[in-house]
Amino acid sequence: MSATDPHHATHRTIEAVWRIESARVIAGLTRLTRDVGLAEDLAQEALVAALEQWPQSGVPDNPAAWLTATAKRRAIDLFRRNAVAERKYEVLARELEALEQTSPDLDSTLDNPISDDLLRLVFIACHPILPTESRAALTLRLLGGLTTDEIARAFLTPESTIAQRIVRAKRTLADKRIPFEVPRGPELAARLSSVLEVIYLIFNEGYSATAGDDLMRPTLCEDALRLGRILAELTPAEPEVHGLVALMEIQASRTRARVTSTGEPVLLFDQNRAQWDQLLIHRGLTAIERAHKTNTTRGPYLLQAEIAACHARARTPSETDWPRIVILYTELAQLIPSPVIELNRAVAVSMAHGPHAGLTLVDALASEPSLARYHLLPSVRADLLYKLGRHPEARTEFERAAALTRNTRERDLLLTRAASCEADPTNPQEK
Amino acid sequence: MRFMVIVKSTPEAEKEGALPDPQLLLEMGKYNEELSKAGVLLALDGLHPSSKGARVKFSGKSRTVVDGPFTEAKELIAGFSILQVKSLEEAIEWVKRGPNCSPGGDYEVEIRQIFEMEDFAPVLSEEQIQHKVAKRAALPNQTANK
């Protein structure tokens, strides 16, 4: 289609240029206008101008500079119009004009501290004052260069809802006068963790896509990875950023193996490891090394990445370094105490030290209210009981798990296992 | 989606023991750093001249080995990278920004899309997608912004 339609081809090129340049253009404009919402609107106007002009004039040699210059000219016009009403606009207009006169090469003006601006943009888009879902939408829009329609399709949400979220988020940032800056000192850790949460949320949204979903959904994994990799270059001294990148790279390496051709999920131990993407595994392991070089304590993302790495390094499930996974889960449970992590630790312990040791830990979780309706608790317990030869008890637990799961395929699998408890007459340890 | 960017060779690059010009290496390094910083560069490697390589020709059940060097430098590959981007156009835009690896000389860079799982996945009709969107919108956690 593009070969026969030059107009369409130029549009595709403009989209690509936008994808590459929009975050930097918006970041630079935010520094100049001190308003991220306005900066994005101006950048969008420049994009519209490009869509109108480039099909006739051709794509300029330096498209980013063109977009920025166009957006800045609109900013000056706008500030002039508003100057009558408010003095601050007059000041901004004068500053912008002065900048334009002293540095004819607009791109280099903006480009110089560009990584600082980009990082500021990351922090403002992920500001904790915004609801998490708004942070995700705004991040994809401002930093990922996605359109509202693309975000809506990816999140299976109506476009009007996403558009509203973005408008409200921008208004909140303006109303609360959120500064365009990189947080320092003790605030940095909390703000960074908000950024990482948003990126991982985007990744998981893509990772949970199922066969037949709109193709925008699985590409969220790529968007999240790209954001993570950009962030890792902007903040190379932050081990958790490398940890998150590593976690995502290693999880993404299993994309091909984790569902069957008909879209059914495949458990980690049943996956064909030959289908794991070794390039992404390698990238994940490298990211872990980079985190270690920062020489600080391990945070939750790095620990999860290291657990994922233990699986990634094992060519077969039996080669898995379970004692190491136990250590990592123990450390993780100390950082973020959670019954689900305890349950995972129990599974690792059972693999490292036998089902009896695992069962003791699982039994300790039996009274945990947050796990009362969690099907994996009876499912894990059933599996351990089965391995210990306590088949009648195992059967009851398999059935309980089957009743709790909402996944029909998983239910079938659990009921099959329950039935197999009865069918096995050997029961070696039953008395 | 991923693309393999295949850099074709030149007669100079095919010369035994040929080392790239240091200035060029510097420019390439800067360019690759830019790709890394943008989160699009997944892998990158350069290849020795074809004199250090071989070809295995397949014909029915027979396999014939032919040692390098091979002629027709412009048909040979000098290096490759793997980019993860949104479209062929984006890959083209990135490639166009690269320095000329053979100053004064002519060579080509070929961009080819890598097969992904999605290429084999069934695709829902517009109607089915709309149905999913509607269903999802009805979920209680989607109304948090109201």
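In this predicted model, strand β1 of chain B, residues 2–8, pairs with strand β5 of chain B, residues 77–84, in the antiparallel sense, and seven bridges hold the pairing between them. Two positions let the reader fix the register of this pairing on the structure: B:M4 has B:I82 of β5(B) as its bridge partner, and B:V5 stands opposite B:S81 in β5(B). β1(B) also pairs with strand β6 of chain B, residues 109–113, and here the two strands run antiparallel and are joined by five bridges. In that second pairing, B:V7 is the residue that stands opposite B:V109 of β6(B).

Which residues of β1(B) lie on its covered face, and which on its uncovered one? The covered face is made up of B:F3, B:V5 and B:V7, whereas B:R2, B:M4, B:I6 and B:K8 belong to the uncovered face. B:V5, which stands opposite B:S81, and B:V7, which stands opposite B:V109, are thus both found on the covered face, while B:M4, the bridge partner of B:I82, is found on the uncovered one.

These pairings belong to an open sheet of four strands in chain B, arranged in the order β2-β5-β1-β6 with antiparallel pairing. Strands β2 (41–46) and β6 of chain B stand at the edges of the sheet, and because each has a single partner strand, one side of each is left without a neighbour in the sheet. On average, and with direction ignored, neighbouring strands of this sheet are turned by 15° against each other.

Chain B as a whole contains four helices and six strands, and its elements, read from the N terminus on, follow the order β-α-α-β-β-β-β-α-β-α. Of the 146 residues in chain B, 18% are buried. When contacts in chain B between residues at least 6 apart in sequence are considered, 75% of them join residues at least 24 apart.

Turning to chain A, the reader can begin with the largest nonpolar core, which has 126 residues, and in which A:A43 and A:L121 touch the most other members. Helix α1 of chain A, residues 6–33, supplies the largest share of this core, namely 11 residues. Once neighbours within four places in sequence are left aside, the contacts of A:L121 are A:A23, A:I26, A:A27, A:T30, A:L142 and A:L143.

Elsewhere in chain A, helix α11 (residues 219–234) packs against helix α12 (residues 239–252) at an angle of about 150°, and their axes are 9 Å apart. Because of that angle, α11(A) is roughly antiparallel to α12(A). The crossing of the two helices, α11(A) and α12(A), is left-handed. Among the residues that meet where they pack are A:C221, A:A224, A:L225 and A:G228 from α11(A), and A:V241, A:L244, A:V245 and A:M248 from α12(A).

A last position to locate is A:A305, which is found in helix α14 of chain A, residues 300–313. Is A:A305 buried or exposed? With 29 other C-beta atoms within 10 Å, A:A305 is buried, since the cut-off for a buried residue is 20 or more. Not counting residues up to four places away in sequence, A:A305 touches A:G243, A:A246, A:L247, A:I250, A:G284 and A:I288. The C-alpha atom of A:A305 is separated by 34 Å from that of A:T161, a residue 144 residues apart from A:A305 along the chain.

Conventions
Residues are numbered from 1 along each chain as its sequence is written. Chains are lettered from A and ligands numbered from 1 in the order in which they are written. This is a predicted model: local features need pLDDT of at least 70, side-chain atom pairs count only at pLDDT 80 or more; totals for chains, interfaces and linings use all residues. A residue is buried if 20 or more other C-beta atoms lie within 10 Å of its own, exposed if 12 or fewer, and partly exposed in between; C-beta atoms are placed from the backbone. Two strands pair if DSSP finds at least two bridges between them. A nonpolar core is a set of buried Ala, Val, Leu, Ile, Met, Phe, Trp, Tyr and Cys residues joined through C-beta atoms within 7 Å. Two residues are in contact if their C-beta atoms, placed from the backbone, lie within 7 Å. Axes are lines fitted to C-alpha atoms, for helices over the stretch in contact, and angles run from 0 to 180 degrees between N-to-C directions. Angles under 35 degrees count as roughly parallel, over 145 as roughly antiparallel, 65 to 115 as roughly perpendicular and the rest as oblique. A crossing is left-handed if the near helix is turned anticlockwise from the far one by less than a right angle, and right-handed if clockwise.
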